[in-house]
Each structure stands twice: as structure tokens, then as C-alpha cells.
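I opened this entry to go through the fold piece by piece. The notes below follow the order in which I looked things up.

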Amino acid sequence: MFRRRNAHQLEDDSHKDNKVRELKSAIGPLSGHSLVFCSDASLRRYLDARNWNVEKAKKMIEETLKWRSTYKPQEIRWNQVAHEGETGKISRASFHDRQGRVVLIMRPALQNSTSSEGNIKHLVYLLENAILNLPKGQEQMSWLIDFTGWSMAANVPMKTTREIIHILQNHYPERLGIAFLYNPPRIFQAVYMAAKYFLDPCTAEKVKFVYPKDKASDELMTSHFDVENLPKEFGGEATLEYDHEDFSRQMCEDDVKTAKYWGLEEKHYLKPNGFSASDVVPEPATSIASAAS
């Protein structure tokens, strides 16, 4: 039984490898940022999102390349979006989940902006940053969304929500591993049901509602996180504190690494307080050829 299952897995892996090669051939020669982006792992995510249909995956990735060429997410820097993050409404956690995935913590009650463009740009920046910090071999991230104190007054417009969902599903496929919506008020359920209409069913399955003092919720959370790392707001033992200056320092350090990764001209990226991040020692530059392998 084990041998048959193992042989089947090998056959499936070989089939998927062939699909990746087929997609790569269908896309044709690439250069620059497109070549860096279209790694084998990236192509696999797009194929997975389109049920391994090469033609559909090709169309999807071409639309992403077009979007990235105009929106230029790899060129967004922290000093451009730092004002959106002053309250800590979205931040990258200092810990990973049990699968080694980067964790983004979101606190909708701390919404501090009505700018659709600003909110989206801030989120895209942090998505790119989370991807930059994924451990080798890991393609997905986890989201912890704390609804404590949230009200409709802090809700982003549905138009903005729809645009965010579109960007996430079409340009960051298979990046979300799981999302925990912690202690959402009943009124949010109506908001979610409206937004769910635009969600892909596979994405919707990754969204979990969890509640305090609920045994099933506690078991679900502890199956994905170590309680010592998990903030108290999510049923753990750690203290969640957002220090904007410290987080800004981290992001500026990562901006240097981002420039190196994408082969961009190195610049002196400024922190919000005006100090340069040029004193940060970047990781060794990743060549376009090696990044695409």
C-alpha cells in the first residue's frame, strides 16, 4: 500500500514538473523583473490556482506581469506607506506558525485612513515584505485578524475590499495558507457574507472564525501556533505590542534587501524620522539567474 501511494506521488510530481515546463515554454523568453518573478515555484502556484490548466495559468500570470509592470509593487518603500502603518493596523509578526509560515497581524479597529489607494498600497507592501521573509521552501503565509474593538465606522468601503480581494486572488495566488478571524462581532458577518461573494471557494475555505473561551477555537489556534508565541489577543500567552519606530527600522532594513533581490539600483531608503537605512548591511545580492531557478 505504501509503495503504491509513493509511486503515485512520484507520478503526480513528474506530471506537475511537466506542466511547469509546458507553462514556461508557453510564456516564452522573459527578462528583468519578469524573469525573477517567474520562478518554478511561482509558476506552480499559478498552475495550482488554475487546477493545473496551462492555458488558464498562462493568462493569469500574464495579467499579473502586466499589473506588476504598472503598479510596481517591488518598488514600494516603507517611507511611502509608513503613515498608513502608524497605528499598527497591519504588521509582520516576530514569530512564525507551526509550519514556518510568516504571520501577518491585522487589527481592523486601528484603521487610520480613508484613502483607498493608501490602504491598498500599504497592504501590497506588507505582502511583498512577507514573501521576502518566507523561509526557503515555504510559499504561504498566515493571517491573524483581531476584531477586538471593531465597528462599522472602521470598515473600509466595499469597493476597496473588492479591489483588495481582486489583487490577492489574481496576483498573489496560493500565498494565503490560512486566515483566522478572531472574535468578529455579529455585524461583521453581514460584511463578510457580502465580501465572500467575490472570494474563490478555495480561498473562502482558508478563512476560519475563532472566538475567545471556545474550546474548538482554542484547539484550532494551538494546532497552528505555539501558545508562547501567540499573543493574548488570540488566546496565547505572548504580549502584542506594536512599536512603530522599531517596526519602521525593520522595514527599512528589508527595503535594502528588496532592492538587492530585484536587482534594483541601490538607494538610500529613508526612515520616517529622516535617518538613512544605508548603514544596514544587506544580504548577499541574489542574481536574476539564481532567483529564477
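What is the strand order in the open sheet of five strands, and how are the strands paired? I worked on a predicted model. I read the order as S1-S2-S3-S4-S5, and the pairing is mixed. I then checked the edges: strand S1 (90–96) and strand S5 (207–210) each have a single partner strand, so one side of each lacks a neighbour in the sheet. Direction ignored, I get an average turn of 25 degrees between neighbouring strands of this sheet.

I looked at one strand pair in detail. S2 and S3 run in the parallel sense and share five bridges. I traced Val-103 to its bridge partner in S3, which is Ser-142.

Next I turned to the nonpolar cores. The largest has 41 residues, and the members touching the most others are Trp-78, Leu-127, Trp-143 and Leu-181. I listed the elements that give two or more residues to this core; among them are strand S2 (102–106), strand S3 (141–146), strand S4 (176–182), helix H5 (78–81) and helix H11 (244–262). H6 contributes the most, seven residues. I noted another core apart from this one, with 18 residues, including Leu-23, Trp-52, Met-60 and Trp-262.

Which residues does Trp-143 touch, leaving out those up to four places away in sequence? I found Leu-104, Met-106, Leu-127, Leu-168, Leu-176, Ile-178, Ala-179 and Phe-180.

I went on to the aromatic rings and counted 16 aromatic pairs in the structure. One of them joins Trp-78 and Phe-247, edge-to-face, at 5.5 Å centre to centre with 75 degrees between the planes. Trp-78 belongs to helix H5 and Phe-247 to helix H11, so this pair ties together parts 169 residues apart in sequence. Are the two rings' residues buried or exposed? Trp-78 is buried at a relative accessible area of 0%, and Phe-247 is also buried, at 4%. I also noted a cluster linked by ring pairs, made up of Phe-147, Trp-150, Phe-188, Tyr-192 and Phe-209.

Last, I checked the cysteines. How many disulfides does the structure hold? I count zero, with sulfur atoms required to lie within 2.5 Å. I looked up the accessibility of two cysteines: Cys-38 has 7% relative accessibility and counts as buried, and Cys-252 is buried with 0%. Both fall under the 20% cut-off, so I entered them as buried.

How values were computed. Residues numbered from 1 in each chain as written. Predicted model: local features only at pLDDT ≥ 70, side-chain atom pairs only at ≥ 80, totals over all residues. Heavy atoms only, no water. Core = buried A, V, L, I, M, F, W, Y, C linked by side-chain atoms within 4.5 Å. Buried < 20%, exposed > 50% of the residue type's maximum accessible area, 1.4 Å probe, protein only. Helix = DSSP H or I, 4+ residues; strand = E, 2+ residues; numbered from the N terminus. Contact = heavy atoms within 4.5 Å. Pairing = 2+ DSSP bridges. Axes fitted to C-alpha atoms, helices over the stretch in contact; angles between N-to-C directions. Phe/Tyr/Trp six-rings, centres within 6.5 Å; stacked < 30°, edge-to-face > 60°.
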